[in-house]
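Welcome! Have a look at the chains and then try the short exercises below, each with a worked solution.

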Amino acid sequence: MIRKMSVKILALFTMLGILCLPLAAAEEPAPQHFLASNSYLEFEITSRSNAQWIFGERITLQRTQNGADGLKLRASEIPDPLIGYLYLSVDDGVPQKLGKSWIDVVPDKADYSEIQVLISPDIVMAPLGTYPVHLEANGQKMLGIDLQIKVGSHVAILAVTPSQITIEATNGPGRYFAKVPVEVQIEYNNPNWEVLLSTEGAFYADNHEMKVSPRELMVAINDREAEYESFEHDSGTLGIWLEPESFVGGIATLHLAADIGFQHRAGSYDGKISVTLLPAGN
Amino acid sequence: MRPKRLKSCLLVVILLGLSFLQYSETARAAGVRPLFMNMDLRPGDQRTFEITLMPGDVEELVDLTLYESIQQLSGALMYQLPTNPSFSPTSWVTLDTSTVRVLPGEETTVTGTVRVPFTASGSHTVIIMVEPRAPDVASGISFQVRYAVRLNIRIEGVGLRATAELISIEVTPDEQGAPRITARIRNTSTLDYLVSGEVVIRDQNKRLVERVSMKTAAAVTAGADATRVYPGATVDFLGNITRPIEPGDYSMQTFFRYAEAGQILQKDDLVIHAGEYAFPGFENSVALIVSPSTAEHVLRDGERKSQVFEFESIVGEPVRVGISLREVTSNYEHSLVPWLELRSQEEFILPPRAKTRLAMTIAVPRSGLEGSYHGQAVFQAFGTESNTLYGEIAVPLSVLVGTEHSQALEIRSVGSQVVDEESIYLAVDLYNSGNIAFLPGVQGIIFGEDGDFVERVVLEFPEEMDSLLPMFSQQVGAMAHLPESGQYELELQITSAQEEILKEKHTIFVAR
């Protein structure tokens, strides 16, 4: 009995298989209803753009077969470091964030539209690398569009703020501190850089004999209570080096101080502190 | 006189006006690309290059000035205008403009040319200092933002050879009174190269006391092991003896490697007098016992594995334990650290003489990696009230992945140094060029000039060393009994698990 049933089930599956064979054989690529004027775009990002967007080439989408259904696009997968930076504009409309959600690019019954991939200038903050992104069409109505986005090395000093501070020494010899810290803001996407703080000191009027020397000028990094490091070390080494780790959230806070002694004549001292960005290592 | 000076000083109003006139709260400075260029040239060559200035929010006038670099004792580079421009490599470099106006929204390119004289050779560095011009400041101190674009020019030449000299080595107390070794090294060649080294302290019975890694201050700041030393520069390499040593006589075996195959070997006596040095913090450094003291795993692609650590306090007060992960060296291609995830807070309080456990996860990526990967779990013990660092324990972690494992070594250099009338010290610098950690056996057979067998020596790794990590170098050494001056042939046989993986012959000279 059981044996007979098994034979029947086997026969049934065999018949179903045979019936399905022509269907499988007939499976071909879905007909393309739309054609894109360009299916491959390359972007190379090496510095921050001052513009609101980095614009890709305009791509024309044209209906090639009769029909009324519109066309949607989405990114099948966006590499994690690029999430939030890629947008799509349709017919110069408001940029829409590219992601898993479908974006209407050709409305129902329309035959034509123009799209443009837009990239946020903040993409310079993404890690170095070459990232592929594929835009797919709904129902395979169009071949996809491939984007190749290369993010290069980027590092730049954005700002040094505030615009002015003073250290006032009014009570005789001692260490005097700037009341306001100075922030150095750096934007970077790689750790292959360092910053050198250096000075020749502050000079009394134009008299280079009278000065607050680099040894007497000092700075504490990120913590007012931290040890103050002189611009000239006891060993004679000049300058203070800041590694990327000192820039918490891209900002290093400098607390400046000066050691004032009997040798300093009353008056104003002028000078310059250089903030030099240089490649890491020597 | 003094009261008058004091009165004068009391009137001092030093206004150090730190003016950032060029950069307002929201202003962006111009950026520069690239920050360095390497050029391998020949005498008489001419090469052009480009520097791109990226715009800021406002129009900027940018000066480009050629500077020389000077290497300081700390190993760091400083920049100065050429003191004798005619004899400076800056005279080989011309820029099509020295001042450029950078407009918002528009990158600007400056073209430069390097013309190498026919008589030039060796390594030279020129700095192109890109300085956005700041408005004149009436008084105070202004901040000047600069970008130092480094041009490394290396010129081929006949007979160029990297040479170095150990000028001095001394042990002195540091700021805390601990013994600090300072080795001063000069690059006596026209080539630049990387230098790294160590000093091995041994007692009178030749037992290892401590192996001190020597680094420049610049390398310590940058988290690097080696320092690039430029032609003619003199640089100090520093290292602290951290283990307390009793007064007595010791020896210091100094070893530095430089360039591809250079090495400096020197042996010195070290005499420690009573009370001469302090060893701060050491008395509490055993506040904590952590087990295991090392962890090794064999894992597959994508596999996750828990690693549990047990902590035991052996002091009668609470201890704050800080947990961190540490690379075995910076930018290490075989780093395990990115695969490690802590499953706890980064610190906890361990009650007096109590025990506890914590775990971390090792998550191997699915990327078909091969070889052994390494990192360290670091546990620091602090006093809860004083916040004093009692000490730290670094637990080496390693994971072996994949199946294509290669044990390969390169001999970077062979050196010898006469120790006394009968003996020489042989030093061989090995580099693990394979993809897994292992500890090879190194044996040397010494033949005389006539090819006769003289002696067989076993070159030993440091006693505490379990394995040589991939991409790491290590010096191995042995004493050889060679009382007669002359030329010898050293046949080095390197084995792993009793299989020979390398055999090389080197010539050594003994001159007394």
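The exercises that follow go from domains to strands, cores and unusual backbone spots. This is a predicted model, in which local features need pLDDT of at least 70 and side-chain atom pairs count only at pLDDT 80 or more, while totals for chains, interfaces and linings use all residues. Residues are numbered from 1 along each chain as its sequence is written, and chains are lettered from A and ligands numbered from 1 in the order in which they are written.

**Exercise 1. Find the domains of chain A and describe where they touch.**

Step 1: Start with the bounds, which come from an automatic or database domain assignment. Chain A has domain 1 (34-151) and domain 2 (155-279).

Step 2: Next, take the centres over C-alpha atoms; those of domain 1 and domain 2 of chain A are 47 Å apart.

Step 3: Now look for contacts (C-beta atoms, placed from the backbone, within 7 Å). On the domain 1 side of chain A 7 residues take part, and they meet 4 residues of domain 2 of chain A. The touching side of domain 1 of chain A holds 6 nonpolar residues, no polar ones and 1 charged. Here Ala, Val, Leu, Ile, Met, Phe, Trp, Tyr, Cys and Pro count as nonpolar, Asp, Glu, Lys and Arg as charged, and the others, Gly among them, as polar.

**Exercise 2. Follow the strand pairing in both chains.**

Step 1: Recall the terms. Strands are DSSP runs of E with at least two residues, numbered from the N terminus, and two of them pair if DSSP finds at least two bridges between them.

Step 2: In chain A, β11 (residues 155-161) and β14 (residues 182-188) are antiparallel, with 6 bridges; one partnership sets Thr161(A) against Glu183(A). Strand β14(A) also joins β20 (residues 251-260) of chain A, antiparallel, through 4 bridges, and there Val184(A) is partnered by Ala252(A).

Step 3: In chain B, find the open, antiparallel sheet of 4 strands, ordered β32-β31-β34-β35. Its edges are β32 (453-459) and β35 (499-510) of chain B, each pairing on one side only. Within this sheet, β31 (residues 441-447) of chain B and β32(B) share 6 bridges, and Val442(B) faces Leu459(B).

**Exercise 3. Which residues touch the most other members of the largest nonpolar core?**

Step 1: A nonpolar core is a set of buried Ala, Val, Leu, Ile, Met, Phe, Trp, Tyr and Cys residues joined through C-beta atoms within 7 Å. Buried means 20 or more other C-beta atoms within 10 Å, exposed means 12 or fewer, and partly exposed is in between, with C-beta atoms placed from the backbone.

Step 2: The largest core has 122 residues, and the answer is Val184(A), Val275(A), Ile128(B) and Val149(B). Its largest share, 9 residues, is from β11 (residues 141-155) of chain B. A second, separate core has 30 residues, including Leu73(A) and Ile103(A).

**Exercise 4. Locate the cis peptide bonds and positive phi values in chain B.**

Step 1: Check omega. The bond between Arg33(B) and Pro34(B) is cis, at about -5°, and so is the one between Ser291(B) and Pro292(B), at about 0°.

Step 2: Check phi. Lys206(B), not a glycine, has a positive phi near 65°, and Met471(B), also not a glycine, has one of about 70°.

Step 3: Place them. Lys206(B) sits in the loop between β14 (193-202) and β15 (208-214) of chain B and is exposed, with 8 other C-beta atoms within 10 Å. Met471(B) is in the loop between β32 and β33 (473-481) of chain B and is partly exposed, with 16 such neighbours inside 10 Å.

Conventions:
Two residues are in contact if their C-beta atoms, placed from the backbone, lie within 7 Å.
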